[in-house]
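Student: Please give a close account of one helix in this structure and of the segment that follows it. I should also like that account extended to whatever parts of the chain can be related to it.

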Amino acid sequence: MSRPYYIAGNWKMHKTRAEAADLAKALVTDLKDGKHKYLVAPSFTALETVGTIVKGTNIMLGAQDCACEEQGAHTGEVSVLQLKDLGVQVIILGHSERRHIYKEDDLLINKKVNLALKHGFEVILCVGELLEEREAGKAEAVCERQTVEGLKGVSAGDIARVTIAYEPVWAIGTGKTATPEDAEAIHAHIRKVAAKLYGADTAAKILIQYGGSVKPDNAAALMAKENIDGALVGGAALKADTFLPIAKFA
Ligand code: PGA
């Protein structure tokens, strides 16, 4: 099964509009002939600016989260309707920083996944274990639970718009990458879980990204693994110098 590679930059809580515009312009120019699927996810405040720059290019516009309701009295939240209005195409959900700093649970994340899909977005559903869970031998079980719970209610038709990102929490922003073998083992397990839910043919088409300290010097070895279909990149996505070699890995 040949699947495209999908390289995404999660800019997290970084960059003013001017800084975001500079980076977006550099990526548009340099990835013009890029062979993979690309996404940038700036902060909400820079979505409009970056959206104008990537519109009509091969780089999609992503948001880092959304509210679990369409609209209403939800101070501080951003709705899918507002994201659609800005031209956002993809929403990252269940990122470990949302799960662990802001205490989002599987139920809330699942609600967001279904809402985003209902409104026509693509979704990147992030899953991943804590260090103590890995050390206790629970990495597969945790990722399985987060995948199954996160995808509750998602139809076989809609799963085509879902990418899963395996991001071991202990590898995010720490400089510690999972070895390609350890990452591959979890990716293969997630695909098995997806096959149980949607059948083997559909599961074979699902893109599973790896995230957690992906850098120019480790990207190719990770991507070489059968079930690793791309990367969700944080720190190294903040500069063209470090994101481009990942986006154009050979
Ligand atoms: P990192 O972040 O590349 O800085 O480890 C990845 C992520 O959180 O998506």
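Tutor: A residue is called buried when its relative accessible area is under 20%, exposed when that value is over 50%, and partly exposed in between, with a 1.4 Å probe and protein chains only. The model is a predicted one, in which local features need pLDDT of at least 70 and side-chain atom pairs count only at pLDDT 80 or more, while totals for chains, interfaces and linings use all residues. Residue numbers run from 1 along each chain as its sequence is written, and side-chain values rest on heavy atoms, with hydrogens and water left out.

The helix I have chosen is α5, which comprises residues 106-118. Its name follows a numbering from the N terminus of DSSP runs, with helices being H or I of at least four residues and strands being E of at least two. The end C-alpha atoms of α5 are 18 Å apart. That agrees with the 18 Å that its 13 residues should span at 1.5 Å a residue, the expected span being 1.5 Å times one less than the number of residues.

Which residues of α5 are buried? They are Asp106, Ile109, Asn110, Lys112, Val113, Leu115, Ala116 and Leu117. The cover over these buried residues includes three helices, α3 (80-85), α4 (96-100) and α7 (139-150). It also includes three strands, β4 (90-93), β5 (122-127) and β6 (162-166). An α-helix has 3.6 residues a turn, so residues three or four places apart point the same way.

The segment after the helix deserves equal attention. Gly120 follows α5 and has a positive phi, near 90 degrees. His119 is placed in the loop between α5 and β5, and it counts as buried because its relative accessibility is 13%. Contact here means heavy atoms within 4.5 Å. With neighbours within four places in sequence set aside, the contacts of His119 are Glu70, Val80, Leu81 and Lys84.

From His119 one may turn to a different loop. The C-alpha atoms of His119 and Lys12 are separated by 23 Å, with their positions 107 residues apart along the chain. Lys12 belongs to the loop between β1 (6-10) and α1. Although Lys12 is not a glycine, its phi is positive, about 50 degrees; with 18% relative accessibility, Lys12 counts as buried. Lys15 is likewise in the loop between β1 and α1. Its phi is also positive, at about 85 degrees, and Lys15 is not a glycine either. Lys15, however, counts as partly exposed, at 25% relative accessibility.

That loop leads to helix α1. Its 14 residues, 17-30, reach 20 Å from the first C-alpha to the last, close to the 20 Å expected at 1.5 Å a residue. Buried within α1 are Ala20, Ala21, Leu23, Ala24, Leu27 and Val28. Among the elements that cover them are the strands β2 (37-41) and β3 (59-63), together with the helices α2 (47-54) and α11 (240-247).

Cysteine pairing offers a further point of detail. The structure holds zero disulfides, a disulfide being a pair of cysteine sulfur atoms within 2.5 Å. Why does Cys126 form no bond with Cys143? The sulfur of Cys143 is the closest cysteine sulfur to that of Cys126, yet it is 11 Å away, too far for a bond. Cys126 is itself buried, with a relative accessible area of 1%. Cys66 is also buried, again with a relative accessible area of 1%. The cysteine sulfur closest to that of Cys66 belongs to Cys68, and the 8.3 Å between them is too far for a bond.

A last comparison comes from helix α10, residues 219-223, which contains Ala220. Ala220 is partly exposed, with a relative accessible area of 37%. Apart from neighbours within four places in sequence, Ala220 touches Phe249 and Ala250 by the contact criterion. Ala220 and Phe249 are 29 residues apart in sequence, but their C-alpha atoms are 5.8 Å apart in space.
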